[in-house]
Amino acid sequence: CVTKYINRKEWADLEPVPQDDGPNPVVKIAYSEKFSDVYDYFRALLKNDEKTERAFALTADAIDLNAANYTVWHYRRVLLQALSKDLKEEMKYITNIIEEQPKNYQVWHHRRMVVEWLNDPSEELRFIADILSQDAKNYHAWQHRQWVIQEYKLWDNELEFVENLLEEDVRNNSAWNQRHFVISHTTGFSDPAVVEREIQYCLNQIRKAPHNESAWNYLKGMLQDRGLSSQPGLLERVLELKETHCSPYLLAFLFDCYEDALENITQKEKVEEEEQKETLRKALEICRLLAQEKDTIRKEYWEFLGRSLRNKYGNGALSDEPMAENPEPSISASQSQEAS
Amino acid sequence: LNRNCLDASRPWLCFWILHSLELLQEPIPAAVASDVCQFLARCQSPTGGFAGGPGQHAHLAPTYAAVNALCIIGTDEAYNVIDREKLLDFLWSVKQPDGSFVMHVGGEVDVRSAYCAASVASLTNILTPKLFENTTNWILSCQNWEGGLSGVPGLEAHGGYTFCGTAALVILGKEHMLDLKALLRWVVSRQMRFEGGFQGRCNKLVDGCYSFWQAGLLPLLHRALYKEGESELSQQRWMFEQQALQEYILLCCQNPTGGLLDKPGKSRDFYHTCYCLSGLSIAQHFGNMDNHYEVILGKEENRLAPTHPVYNICPEKVAQALQHFLRMPVPEIHFRSNKRGRSVK
């Protein structure tokens, strides 16, 4: 057990400052004696704007008690500069803290500041990889990683890093995002060779794990700006997969292809009316299939899309399906309607 | 149960608890309300904005929480706690040239800050276009290939950040600049077909708090699409499975001794209590210009008060606060040349 600050001779000159919660405090926290002791002295240091070694040492205690206290972190940074502290030592310190508390905002921001001051990112990719090995989706870790890579232009090995992560877990959506990040900032998605490679990669991953939403989202996300129907042969490849590797995601992708086709058909000079009708019919059939059988949790959404599509591209005679205007779902819960 | 980790989040505790009580239609005793006002006054920084506790530095998150809590209380005493001039100074002090905001002086940037700033500025009538110059474009750059929004540009789409970015744009009147269709597809896809609740990110687990952050997007998108001329919107339902979400919250997210939680096996806390209840309210109440339609799973007593999908306090409290502060002139900024341009680095 460590001596309280109030009992330390070398702190006797400083009057601790109790927290001013007022006479009728609310949301009171039951601080331990240790907590109150450390923070009473922290408030004293702050009040006097003291910039000494002992103040610096105390911030570590305050952080240990509450690593989310951003006021303490800010003060520690002021002291790091005022006392010209060894920033390499600070890197060791923050490394340990992050390993213990990897889901805290302040610790990652502090690390970023120290890396910036040192202008030394040399440990970062390895460190972040270690944190990700414990939690492959830690948002702060990915944020820090993207900052380091972009700031210090460390793109070279990142695609390989991503592929390894996807080998370990093809459903890691953070890794898919990183894949998109790396490619969009390096080769870009305009190069047809890159796009073909990525399509191939996606379809391979889908074959291995058909119900992986990330892979389907990536495929769509990569192509949507240019339009899904801009990629020749893709629709056919997906239709092939439908037989053996069907999923709600595959069906949604097909819907998106048909919708994109409709978007483009109507802009061309020669409109094959039969072709348009057929595409619309197929799109609406998928909406119905998803809403009623394959993706019922999203029924409201798929029915909305169906109505929208019909409204935009169809006419009364087109649809051979009876359609209620706004079908009321059957539900066992009570319902009431009031004018507002 | 060690709550030290919340020592820099005490205005949040005020908001989470007060909002839960208002959803449960449980009146706040006048003495409690007054005590909260006086406490939050002690959390207000002399340089403007609110801090996580007395004597701490101002930070946008407790600022958001404090202003919301005071608006829930809604008395003159509560409104008078807020120093509007200083609050505006604080917002300027965290504004970045690229349109983003840091969460506190010397702190980190992410899209939460834009929402916190827009929320408090609009409620207290200190909002000017200059304050949010470039903010719209910065938020838009957070919409990614998945259709949702990330915390900062480049990262994975995430429910909390998507809510913050979208709600901020709604406040700024710029939500139509998002790819609404892509955002809609992303958020509806976050409802879990088995559990009924929402996940925060693709391929991650369900969590009760996303009942608000994710499901709360549907009312925002409904209104946005309506304003864009969308004619096929339902007149009765949000575009998510309302009953399934209510089932998840009521059957899986309640602690038998009170309070709500992330998922079975987790412990209760005030954050999850607030956001599970907020999500339950969203799932129970459909409302647009013309009508209000309710779906209450279980007993009538399960009905909660409606919540405003932008601010997440009751709509009456929003209206009352706006009415109160709109009577006051927008303050002139004091220290523009000193505090502007203070960058993250």
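These are my notes on the interface of chain B with chain A, and on one helix of chain B.

**Entry 1: the model.** I am working from a predicted model.

**Entry 2: extent of the interface.** I looked up who takes part. Chain B puts 83 residues into the contact, and chain A puts in 76 residues. I then looked up the buried area between the two chains, which is about 7,000 Å². Carbon and sulfur atoms give 49% of that area. Which three residues supply the most on the chain B side? I found B:Trp145, B:Arg185 and B:Arg193, with 14% of the area that chain B buries against chain A.

**Entry 3: polar links.** I found 5 salt bridges between chain B and chain A. One salt bridge joins the side chains of B:Arg185 and A:Asp256, at 2.7 Å from N to O. So far B:Arg185 has turned up twice, in the top three for buried area and in this salt bridge. I also noted 38 residue pairs in polar contact between the chains, both residues at pLDDT 80 or more.

**Entry 4: elements on the chain B side.** I listed the elements of chain B that give two or more residues to the side touching chain A: helix 1 (10-23), helix 2 (30-43), helix 9 (180-188), helix 12 (242-252) and strand 2 (291-296). Strand 2 gives the most, with 6 residues. By type, I get 35 nonpolar, 25 polar and 23 charged residues on that side.

**Entry 5: helix 5 of chain B.** Why is helix 5 (residues 84-94) largely enclosed by the rest of the structure? Of its 11 residues, 9 are buried, so the surroundings largely enclose it. Among them are B:Arg84, B:Asp89, B:Phe90 and B:Trp92. At the helix start, a side-chain oxygen of B:Asp83 comes within 3.3 Å of the backbone nitrogen of B:Glu85.

How values were computed
Residues numbered from 1 in each chain as written. Chains lettered and ligands numbered in written order. Predicted model: local features only at pLDDT ≥ 70, side-chain atom pairs only at ≥ 80, totals over all residues. Heavy atoms only, no water. Contact = heavy atoms within 4.5 Å. Buried area = accessible area lost by both parts, 1.4 Å probe. Salt bridge = Lys/Arg side-chain N within 4 Å of Asp/Glu carboxyl O. Polar contact = N/O pair within 3.5 Å; in protein donor to acceptor, adjacent residues only side chain to side chain. Helix = DSSP H or I, 4+ residues; strand = E, 2+ residues; numbered from the N terminus. Nonpolar A, V, L, I, M, F, W, Y, C, P; charged D, E, K, R; others polar. Buried < 20%, exposed > 50% of the residue type's maximum accessible area, 1.4 Å probe, protein only.
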